[in-house]
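Please open the model in your viewer and keep the sequence panel beside it, since each stop on this tour begins with a selection and then says what is to be found there.

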Amino acid sequence: MEAKKIIFRVDGSKNIGLGHLIRCMALAFMLKDDFKIIFVCKEAPENIVKELISSGFLFIKINTEVEFFNIINGTYIVVLDHYGLDTSYQKKIKKIGCKLVCIDDLHDKEFHADLIINHAPGVKADDYDAKQYTQFALGFEYALLRPVFLQAAKQERIIKKLETVFICFGGSDVKNLTVLALNILQHIDQFEKIIVVVGIVYENIEELKLLIGENPKIHLYHAIDEKTMLALLTMSDIAIVPSSGILLEAISAGCVIVSGMYVDNQKFIYQAYKNEMCFHDAGSFEPLNLQKAITESFQNFKNMKKFFDGNSGERLLNVFNYL
């Protein structure tokens with residue numbers, strides 16, 4: 001019997017970031033052995049498209065939403081991860097007869113999904129305006145992590161000293177916070193090594209290279225894969241990251257973390273993980289707040305407790321098999 005199809009409607013670009021694509025890829029890897037996976041995007045960087053195809057997923061580029069609705073039929077499970085597609089879009093999917101899964105951080109609209117996934121801690125089903133039939137996969141137990149980070153989450157790690165610092169502000173870093181952070185970090189003598197990671201759609205790479213110059217402490221990485229990302233996080237003692245998917249990856253790697261938020265759609269993840277004391281708070285990454293959080297991390301750092309158990313893939317696969 002042919003495997004049931006799951007179709008992901010998701011986009012990623014320098015303007016909207018790559019976080020939606022990355023977490024959909026994480027979910028796709030969890031489900032790939034039991035389902036046929038298809039990604040449908042208007043926007044996606046070429047390197048991610050190549051990774052999707054090499055991973056055995058089908059990729060379809062569309063120009064209009066009409067094209068998407070011409071693809072699907074009632075046998076599909078549709079996974080929607082997109083702030084720009086509203087309740088009426090969900091209704092249209094349901095009218096076709098598809099099962100609908102929404103990955104959502106904002107709970108800011110009426111939902112018609114059969115399943116809502118939100119891996120922020122502390123969120124409740126009552127936070128959503130959803131249907132009686134809607135199931136929920138909420139909190140740490142459903143963390144959308146790529147395979148190498150699921151494995152890392154199962155490992156214990158002890159950090160005794162903060163000597164190597166990791167900086168990454170996601171795939172696009174539209175506010176160029178990488179440069180802001182680097183200007184602060186390269187003057188902190190306690191850091192012997194500074195690892196800087198920027199994504200494929202980061203547009204200020206030449207400015208960054210000029211800033212780094214010949215400084216032997218700073219190591220720049222551009223558009224890396226998840227295995228390299230994990231390796232860099234594992235060799236780092238402290239990570240400076242926003243409250244997005246990269247925060248969950250830094251947690252799984254066991255780093256001491258400085259985090260904050262710089263766009264509105266990070267506000268619920270930021271507050272939820274702050275409430276769990278997952279990081280030293282840098283607010284909106286203003287220079288004084290970032291400096292204060294770094295100083296606090298030296299004065300009062302403690303090893304990251306195990307928030308993730310690495311088993312979210314099995315839990316989500318079980319939920320999807322019963323949709």
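Begin by selecting H107, whose place is in the loop between strand 5 and strand 6, where helices (H or I, at least four residues) and strands (E, at least two) are DSSP runs, numbered from the N terminus. This is a predicted model, in which local features need pLDDT of at least 70 and side-chain atom pairs count only at pLDDT 80 or more, while totals for chains, interfaces and linings use all residues. Residues are numbered from 1 along each chain as its sequence is written, and side-chain values use heavy atoms, with hydrogens and water left out.

H107 has a positive phi of about 35° although it is not a glycine. As background, most residues other than glycine have a negative phi. H107 counts as partly exposed because its relative accessibility is 21%; buried means under 20% relative accessible area, exposed over 50%, and partly exposed in between, with a 1.4 Å probe and protein chains only.

From that loop, step back to strand 5 (99–103), which is mostly covered, four of its five residues being buried. Strand 5 pairs with strand 4 in the parallel sense over four bridges, and with strand 6 (residues 115–118), again in the parallel sense, over three bridges; two strands pair if DSSP finds at least two bridges between them. Select V101 to see both sides: V101 is the bridge partner of V79, and in strand 6 the bridge partner of V101 is L115.

Now add helix 4 to the selection, because strand 4, helix 4 and strand 5 make a right-handed β-α-β unit, where right-handed means that, with the strands pointing away from the viewer, the path from the first strand over the helix to the second runs clockwise. Which residues of helix 4 are buried? In helix 4 (residues 87–96) they are T87, Y89, Q90 and I93, and, seen down the helix axis, they fall within an arc of 160°, so they line one face of the helix; the arc is that of the directions from the helix axis to the C-beta atoms. What covers these buried residues includes strand 1 (4–10), helix 3 (65–71), strand 4 (77–81) and strand 5, and contact here means heavy atoms within 4.5 Å. Just after helix 4, G97 takes a positive phi of about 105°.

Move next to an open sheet of six strands with the order 10-9-8-11-12-13 and parallel pairing. Strand 10 (218–222) and strand 13 (280–281) stand at its edges, each with a single partner strand, so one side of each is left without a neighbour in the sheet.

Within this sheet, select strand 8 (residues 164–168), which is largely enclosed by the rest of the structure because five of its five residues are buried. Both faces are covered, with T164, F166 and C168 buried on one side and V165 and I167 buried on the other. Strand 8 pairs in the parallel sense with strand 9 (residues 193–198) over five bridges, and T164 stands opposite K193 in strand 9. The chain crosses from strand 8 through helix 6 (residues 177–185) to strand 9, and this β-α-β crossover is right-handed. Strand 8 also pairs in the parallel sense with strand 11 (residues 238–242) over three bridges, and the bridge partner of F166 there is A239. Going outward from strand 9, the pairing with strand 10 is parallel over five bridges, with Y221 in strand 10 as the bridge partner of V197.

For another unusual backbone angle, select F285, which lies in the loop between strand 13 and helix 11 (287–299). F285 has a positive phi of about 65° although it is not a glycine, and F285 is buried, with a relative accessible area of 1%.

Then go to S312, in helix 12 (residues 312–321), which counts as buried at 3% relative accessibility. Leaving aside neighbours within four places in sequence, S312 is in contact with M30, E141, Y142, A143 and L150.

Finish at the largest pocket, lined by 44 residues, of which L18, G19, I22, G170 and G171 lie nearest its centre. Helix 1 (19–31), helix 2 (46–54), strand 9, helix 8 (226–235) and helix 9 (245–252) each supply at least two residues of the lining. On a 1 Å grid over the protein atoms alone, a pocket is an open set of points where a 1.4 Å probe fits, with protein on both sides within 12 Å along at least five of seven lines, and lining residues have an atom within 4 Å of a point.
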